[in-house]
Amino acid sequence: MNIQKLRKSVNYLVLVTGLVTATAVSACSAEPVDTAYSIESNDTVKSYQLGLNYYQGNSVEQDYNKAFELFQEAANQGDAKAQFQLGVMYDEGEGVSEDKTIAEQWYIKAAEQGLADAQNGIGMSYFYNQKVEPNFEKSVKWFKKAAAQGQPESQYHLGLFYENGYDRPIDYTKAIKWYKDSAEQGFTPAQYNLGTLYLNGKGIEKNYIKAQQWYQKAANLKFSPAQHNLGVMYEKGMGIKQDYEKAAYWYQRAVDQDYVPAQNNLGSLYYSGRGVKEDYNKAFDLYTKAAAQGEAIAQHNLGEMYFFGDSVEQDYRKAYEWYQKAANQGNQEAKDRIKYLIAEGKVFR
């Protein structure tokens with residue numbers, strides 16, 4: 001089991017909530033507590049806090065070996081936070097040889113003592129199991145334990161379960177309940193999903209104002225999908241006054257984080273000169289970035305620029321190649337362009 005790496009691999013779905021640093025550390029000087037004294041006096045709290053300082057390099061030079069020693073002592077005496085952190089170190093091979101089996105054992109010890117972050121971590125590991133089939137039953141079990149303690153990531157995942165079903169009936173009422181619990185704690189994926197439910201009227205009455213409000217909260221916290229969707233709402237005037245400048249602003253915020261759909265949409269604003277000064281070169285660059293990452297609409301739009309010779313030399317062959325990429329993903333406009341190019345003898349298969 002590899003909770004930390006699993007989190008990195010699902011960054012769009014679930015943002016890291018800082019399990020390693022979730023527990024506040026009391027202010028410690030550069031010489032907080034003597035390591036030997038902490039171990040000899042069986043002071044697990046001080047051992048854990050000092051270990052965390054060494055692990056993070058907080059007020060002392062980062063030293064995984066010292067951190068591991070302190071966590072090990074506290075964990076052996078039953079300290080749940082130290083057990084969880086020890087699991088992280090085995091999981092990542094920090095200060096010790098990587099060992100997923102031992103890591104899981106420490107995670108479970110901490111989770112069984114009621115540590116919410118550890119319970120959430122176990123739930124995550126069952127949900128995103130990369131070695132065998134995910135175990136949704138066990139995942140939900142641990143998520144519920146953590147969610148009951150207010151762990152926002154677990155609340156969010158319960159929302160996912162009830163919205164999408166997986167191994168249980170879809171229940172939008174429960175999905176919305178858990179998303180709200182998580183969203184109200186500032187967990188951005190939950191804010192985004194809640195906004196999307198309101199936007200689409202999925203399981204709840206469609207409400208553009210509430211959708212915009214939840215997107216705004218997540219966008220302010222730099223969640224790129226929410227920034228993009230907020231841009232769409234301003235561009236289309238969905239429940240709010242149409243404002244191309246604000247649309248461009250939020251698309252740019254998402255583009256700054258390499259969010260692909262926003263690259264295409266901002267490119268279209270530059271192409272048409274809406275909300276920004278018309279600039280074919282910027283449009284071309286943005287379309288190219290998005291198209292290279294598989295965005296079908298951007299591939300079509302890039303084909304259009306080659307077709308018409310906008311900022312680039314007209315090139316039907318290159319236009320055809322980009323249209324084909326978009327068509328392979330089902331883009332009908334690209335399919336129509338390909339038919340035209342072939343019928344007019346502009347290209348040959």
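**Exercise 1. Work out how H11 and H12 sit against each other.**

Solution. Start with the handedness: H11 passes H12 in a left-handed crossing. This is a predicted model, by the way.

Next, take the geometry. H11 covers residues 188–200 and H12 covers residues 208–220, and the two pack at an angle of about 160° with their axes 8 Å apart. Angles over 145 degrees count as roughly antiparallel. H11 and H12 are therefore roughly antiparallel to each other.

Now look at who touches whom. On the H11 side you'll find Thr188, Gln191, Tyr192, Leu194, Gly195, Thr196, Tyr198 and Leu199, and they meet Tyr208, Lys210, Ala211, Trp214, Tyr215, Lys217 and Ala218 of H12. Sort the residues of this contact by class and you get 9 nonpolar, 4 polar and 2 charged.

**Exercise 2. Do the same for H15 and H16.**

Solution. Geometry comes up front here: H15 (residues 260–272) packs with H16 (residues 280–292) at an angle of about 160°, and their axes are 8 Å apart. That makes H15 roughly antiparallel to H16. As for handedness, H15 passes H16 in a left-handed crossing.

Then list the contact. H15 brings Val260, Gln263, Asn264, Leu266, Gly267, Ser268, Tyr270 and Tyr271, while H16 brings Tyr280, Lys282, Ala283, Leu286, Tyr287, Lys289 and Ala290. By class, the contact of H15 with H16 has 9 nonpolar, 4 polar and 2 charged residues.

**Exercise 3. Check the length of H16, then find its buried residues and what they pack against.**

Solution. Begin with the length. H16 has 13 residues, and at 1.5 Å a residue they should span 18 Å. The expected span is 1.5 Å times one less than the number of residues. The end C-alpha atoms of H16 are 18 Å apart, so the two values agree.

Next, pick out the buried residues of H16: Ala283, Phe284, Leu286, Tyr287, Ala290 and Ala291. The buried residues of H16 pack against H14, H15, H17 (296–308) and H18 (316–327).

**Exercise 4. Decide whether H3 is enclosed by the rest of the structure.**

Solution. First, a quick length check: the 13 residues of H3 (residues 44–56) should span 18 Å at 1.5 Å a residue, and the end C-alpha atoms are 18 Å apart, which agrees.

Second, look at burial. Buried means under 20% relative accessible area. The residues of H3 that pass are Thr44, Ser47, Tyr48, Gln49, Leu50, Gly51, Leu52, Asn53, Tyr54 and Tyr55. That is 10 of the 13 residues, so H3 is largely enclosed by the rest of the structure.

Finally, step just past the end of H3: Gly57 takes a positive phi of about 70° there.

**Exercise 5. Describe two residues with a positive phi that are not glycines.**

Solution. A bit of background helps: most residues other than glycine have a negative phi.

Take Tyr166 to begin with. Tyr166 is not a glycine, yet its phi is positive, about 55°. Tyr166 sits in the loop between H9 (152–164) and H10 (172–183). With a relative accessible area of 39%, Tyr166 is partly exposed.

Now Asp258. Its phi is about 65°, again positive although Asp258 is not a glycine. You'll find Asp258 in the loop between H14 (244–255) and H15. Asp258 counts as exposed, at 56% relative accessibility.

**Exercise 6. Follow Phe136 and Gln155 to residues far along the chain.**

Solution. Phe136 belongs to H8 (residues 136–147). Go 30 residues along the chain to Tyr166, and the C-alpha atoms of the pair are separated by 7.7 Å. Leaving out residues up to four places away in sequence, Phe136 touches Phe127, Phe161, Tyr166, Asp167 and Arg168.

Gln155 lies in H9. Its relative accessible area is 5%, so Gln155 is buried. Gln155 and Phe187 are 32 residues apart in sequence, and 9.5 Å apart from C-alpha to C-alpha. With residues up to four places away set aside, Gln155 touches Ala147, Gly150, Trp178, Asp181, Ser182 and Gln185.

**Exercise 7. Sum up the whole protein.**

Solution. Count the elements: there are 19 helices and 0 strands. Then burial: 50% of the 349 residues count as buried. Last, the contacts: of those with a separation of 6 or more, 49% come from residues 24 or more positions apart.

Technical notes:
Residues are numbered from 1 along each chain as its sequence is written. This is a predicted model: local features need pLDDT of at least 70, side-chain atom pairs count only at pLDDT 80 or more; totals for chains, interfaces and linings use all residues. Side-chain values use heavy atoms; hydrogens and water are left out. Axes are lines fitted to C-alpha atoms, for helices over the stretch in contact, and angles run from 0 to 180 degrees between N-to-C directions. Helices (H or I, at least four residues) and strands (E, at least two) are DSSP runs, numbered from the N terminus. Angles under 35 degrees count as roughly parallel, over 145 as roughly antiparallel, 65 to 115 as roughly perpendicular and the rest as oblique. A crossing is left-handed if the near helix is turned anticlockwise from the far one by less than a right angle, and right-handed if clockwise. Contact means heavy atoms within 4.5 Å. Ala, Val, Leu, Ile, Met, Phe, Trp, Tyr, Cys and Pro count as nonpolar, Asp, Glu, Lys and Arg as charged, and the others, Gly among them, as polar. Buried means under 20% relative accessible area, exposed over 50%, partly exposed in between (1.4 Å probe, protein chains only).
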